[in-house]
Amino acid sequence: MARKSSLDALPTEVKTQLVTQYRQNPAWTFVDHTQWLVEQGYNVSKTAVWRFLTTKGDKVLDEILEDQLDLVRLRCLEVASKHSEGATPSELIEFAEQLLRWVNHSA
């Protein structure tokens, strides 16, 4: 069984920043990304950074986006409930889904 990567233990926000920087700075080398992590106080190897970014980077962003989408769904339901007094639960859900479609269309 393979051992866990040192990057798996990093806080989620640091992993998010790392993946975001990787996407936004295509000219950065893995040495640059490793140096950034070292400057943040994390002792990691270039190999670990390379392995993480090439195999897990997309998954990290997908998980973050899914979490954000769940929060947006909940907020749409909150707004629907505040503006639909006396509505049935199914009507509230339909209104929330309309709001969510509007948010997705606007994004």
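## Getting to know a predicted five-helix model

Buried residues, meaning those under 20% relative accessible area (exposed is over 50%, partly exposed in between; 1.4 Å probe, protein chains only), make up 27% of the 107 residues in this predicted protein. Local features here need pLDDT of at least 70 and side-chain atom pairs count only at pLDDT 80 or more, while totals for chains, interfaces and linings use all residues. Residues are numbered from 1 along each chain as its sequence is written, and side-chain values use heavy atoms, with hydrogens and water left out.

Q: Why is the pattern written α-α-α-α-α?
A: Helices (H or I, at least four residues) and strands (E, at least two) are DSSP runs, numbered from the N terminus. The protein has five helices and zero strands, so the pattern along the sequence is just α-α-α-α-α.

Q: What makes the set with Leu7, Trp36 and Phe52 a nonpolar core?
A: A nonpolar core is a set of buried Ala, Val, Leu, Ile, Met, Phe, Trp, Tyr and Cys residues joined through side-chain atoms within 4.5 Å. Leu7, Trp36 and Phe52 are among the twelve residues of the largest one. Two or more residues each come from α1 (12–24), α2 (30–39) and α3 (46–55), and α3 gives the largest share, four residues. Another core, of six residues, lies apart from it and includes Cys76 and Leu99.

Q: How do you know that the buried residues of α2 are on the same side?
A: They're His33, Thr34, Trp36 and Leu37. Their arc, taken from the directions from the helix axis to the C-beta atoms, is only 155°, which puts them on the same side of α2.
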